[in-house]
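Please find below some short notes for a colleague who has not yet looked at this structure. They take up one pocket and one sheet.

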Amino acid sequence: MAIDMNIFVPANAQGEFWTEERCYITELHNCDASPESSLAVARVEPGVMTQLHSLTGVIERYIVRRGEGILEIDGAQQKLQVGDQAVIPAGAAQRIENTGSVDLEFYCLCTPRFFPQSYVNLEQ
């Protein structure tokens, strides 16, 4: 019996990759079969602040799984640690700084799913 690719999605073989955002990303789920959302893990090294950016038409949720940092959304700052969550509205200016001594890792849940075209660099 053939696998229905609208139900079962094969593993992403790409693995972790570096982005111009100054962090590493591992795409866990981002495919045509599920256009309503995508899920990734972001990893930010100690002392690094990600690029100020926004996502056009995409709401992003962070769920911290390791480390600590300060998240900035439209100029407001909030300290985050393991288990904390944040909802980032579509179009909001955002960045996060790793203020700890270990890598900061967090899930990034996007609705609808993330496309590179939705990313807007606000540091240019």
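**Notes on the pocket and the sheet**

1. Strand S3 gives the largest share of the lining of the largest pocket, namely four residues. S3 covers residues 38–44. The model is a predicted one, and this applies to each point below.

2. Other strands take part in the lining too. At least two residues each come from S1, S2 (23–29), S3, S4 (53–55), S5, S10 (104–111) and S11 (119–121).

3. The volume of the largest pocket is about 500 Å³. Its lining is made up of 28 residues, and those closest to the centre of the pocket are Thr-19, Glu-21, Ile-25, Phe-114 and Tyr-119.

4. What is the chemical make-up of the lining of the largest pocket, in nonpolar, polar and charged residues? There are 16 nonpolar residues in the lining, along with eight polar and four charged ones.

5. On the sheet: it is open and has six strands, arranged in the order S1-S2-S3-S10-S5-S8 with antiparallel pairing. Strands S1 (17–19) and S8 (85–88) each have a single partner strand and stand at the edges, so one side of each lacks a neighbour in the sheet. From one strand to the next, the twist averages 30 degrees.

6. The pairing of S5 with S8 can be followed in the model. S5 spans residues 59–66, runs antiparallel to S8 and is joined to S8 by four bridges. Within this pairing, Gln-85 in S8 stands opposite Ile-63.

Terms used: Residues are numbered from 1 along each chain as its sequence is written. This is a predicted model: local features need pLDDT of at least 70, side-chain atom pairs count only at pLDDT 80 or more; totals for chains, interfaces and linings use all residues. Side-chain values use heavy atoms; hydrogens and water are left out. Two strands pair if DSSP finds at least two bridges between them. Axes are lines fitted to C-alpha atoms, for helices over the stretch in contact, and angles run from 0 to 180 degrees between N-to-C directions. On a 1 Å grid over the protein atoms alone, a cavity is a set of points where a 1.4 Å probe fits but cannot get out, and a pocket is an open set with protein on both sides within 12 Å along at least five of seven lines; lining residues have an atom within 4 Å of a point. Grid points are joined across faces, edges and corners, and a volume is the space filled by probe spheres set on the points. Ala, Val, Leu, Ile, Met, Phe, Trp, Tyr, Cys and Pro count as nonpolar, Asp, Glu, Lys and Arg as charged, and the others, Gly among them, as polar.
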